[in-house]
Amino acid sequence: MSAAPLVQRPFLEISGVSKSFGEGAARTEVLSEIDLSVPEGEFLAIVGFSGSGKTTLINLIAGLVEPDEGTIELDGRAIQGPGPDRGVVFQTYALLPWLTVMGNVQLAVDSVFANESKREREVRARRYVEMVGLGAAHWKYPSELSGGMRQRVAVARGLAMDPKILLLDEPLSALDALTRATLQSEIEQIWAADRKTVVLITNDVDEAILLADRIIPLRPGPRASLGPAFEVPLERPRDRTAVNDDPQFKKIRNEITHYLNAVSSQAARAASRRRVKKPDVKPLDLRPRSLPTAR
Amino acid sequence: MSTDSPSLRPKGVLKSRVIRTLDGLGLEIFVPAIRLATGEEPGVQIRDLIRSVGVPILSIGVFLALWGSLAASVETSIGSVPGPAQVWTEAQALVDDHYAERAKEVAFNERMEVKKQEWLAKGKTWKDRKYSGKPTYFDQIWTSLQTVFAGFLVASLIAVPIGILCGLSRTMNAAFAPLIQVFKPVSPLAWLPIVMILVSALYTSESPFFEKSFITSALTVSLCSLWPTLVNTSLGVASVDQDHLNVARVLKLPWTTRVFKIVVPSALPLIFTGLRLSLGVGWMVLIAAEMLAQNPGLGKFVWDMFQNGSSQTLAQIMVAVFTIGLIGFALDRLMVAFQRSVSFDGGATA
């Protein structure tokens, strides 16, 4: 299975979306004139620097934030507020610390599949917990899990809602490199199993190339907008060690990295041109007189 | 516990369980002793032990010595101020008095039982009579504990729901904030007369299930102790993690599920902080209320002793002071244990 996705009816359609935060003089436009269409079943990655408005974009699609201008449609219907048809895996995982692994997944299942019997819901929750490899740890609380395991619970909860589209907000950015690599392969496998539409937000170009069908860079904010799309025509499943030597992989990575570097230095130049009057203050020396010595 | 046990793991598990239990009960000062007994870093543990046990014992010793040496030199109208030894004697006397009183009651009941059989044998009707001796020191303590828990329960049942509402809705918060600010600093001594008059007017049952005095004291405790719970609950509810609320929004959880599955569990640690403060306030208020209202309990005991004006008065009141302090301390530890059992973050809540 390979190559560019077929041109089809857009599943997620974002047109002319802008979003500002703050009031009056402090008002800054975070996202400006965003147009994006995602066909059904596509794995789309949006890469950008920290603070470029990536999370705002996810929150807009999730409906947690309302756009100031423009419309967002999913499956032909304008979205109004958040809903379980758009499963979100939050950057901070947002697991409820007083619920176990099962409890966290069950909360999602119970509310989305309220019409199913208790038994059916339990089977469903258990299936997703096992899918992410936490069957043996299903009774543990988030505080007893490692970062990678917490991330898996968050993915299981997102999938258990059986959403039309899965929104991943920098899902692996808090993990160490080795755990990241493992989870990247797992996410690809899980995605390959049911081909859900996925929007992945990340700051890691390699991760985007490994997982996505298409990559769109987000030009750094304020007034962030989307850059040109880069297709990733690599064969799946993509083996992370083999792909490193693939000339196509290298080419895409170079193109995207160059593009991001170019837009970021442009933005930096623009920022330095803006004249800001610096306040005439000297910082206080708040250091303690003598630092306590460790025992 | 032997230090050369062949398998280390089970002992380690047992030890960490014991340590966690002690921690949970707020008795962490014994942790170094456990560690020392298992031969873990003796130098460090001995230093910890000296600090956590040795220093408190020393400070208590210094306090007792100062008290003992200075007390005798202060003359009052009812004799010199008693030292620790006299207070200890008086405490024992109160314990002895309790057992003597109980023995009297048993004897009385036995006599009545004999009489009852005699009367019934003669074919006369018999009416049970209850022993009407004076309440002992332990009876007073028991009454005070019942009263404080009754008042605390009423306060919690009012404060937690209102606190949740205030935390959830800014409108509710704006509605309650001025009332809370005004009533919170009011002394129990100001509430008490109002409560007494209201209870007399409104609680007029023929055969009351509760004593009037019990209701008065308990309600005074409630009025003074509901504020910390209310304020902390509303703060806890208002500061629920935005990410958790976003989860609720994405899942479109109905209002009740959102409150009971997300908001309340997340606010529980602060709710329990409030409850702990409330119980502390309640216990302090209760003694004052009992004293002023002549309601049974430790406060009345103190007042009665004061009225007695005997040579033992001061010593007896000091026994009461220590009792009140120790019970207050025990109640606080109890609440700390509850607080730890509900805190999901494993954070420090001492």
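In what order do the 6 strands of the open sheet in chain A lie? The order is β6-β7-β8-β3-β9-β10, and the pairing is mixed. Strands here are DSSP runs (E, at least two residues), as helices are (H or I, at least four), numbered from the N terminus. Two strands pair if DSSP finds at least two bridges between them.

This is a predicted model, in which local features need pLDDT of at least 70, side-chain atom pairs count only at pLDDT 80 or more, and totals for chains, interfaces and linings use all residues. Residues are numbered from 1 along each chain as its sequence is written, with chains lettered from A and ligands numbered from 1 in the order in which they are written.

The edge strands of the sheet, β6 and β10 of chain A, each pair on one side only.

| Edge strand | Residues |
|---|---|
| β6(A) | 86-89 |
| β10(A) | 230-231 |

Strands β3 (residues 43-47) and β8 (residues 197-202) of chain A run parallel and are joined by 5 bridges. Ile46(A) has Ile201(A) as its bridge partner in β8(A).

The contact between the chains takes 18 residues from chain A and 16 from chain B; two residues are in contact if their C-beta atoms, placed from the backbone, lie within 7 Å. On the chain B side, α9(B) gives the largest share, 6 residues.

The average pLDDT of chain A is 85, and 92% of its residues score at least 70. pLDDT is the predictor's confidence in each residue, from 0 to 100. Over residues 1-5 of chain A, pLDDT stays under 50. Where pLDDT is low, the predicted coordinates should not be read in detail.
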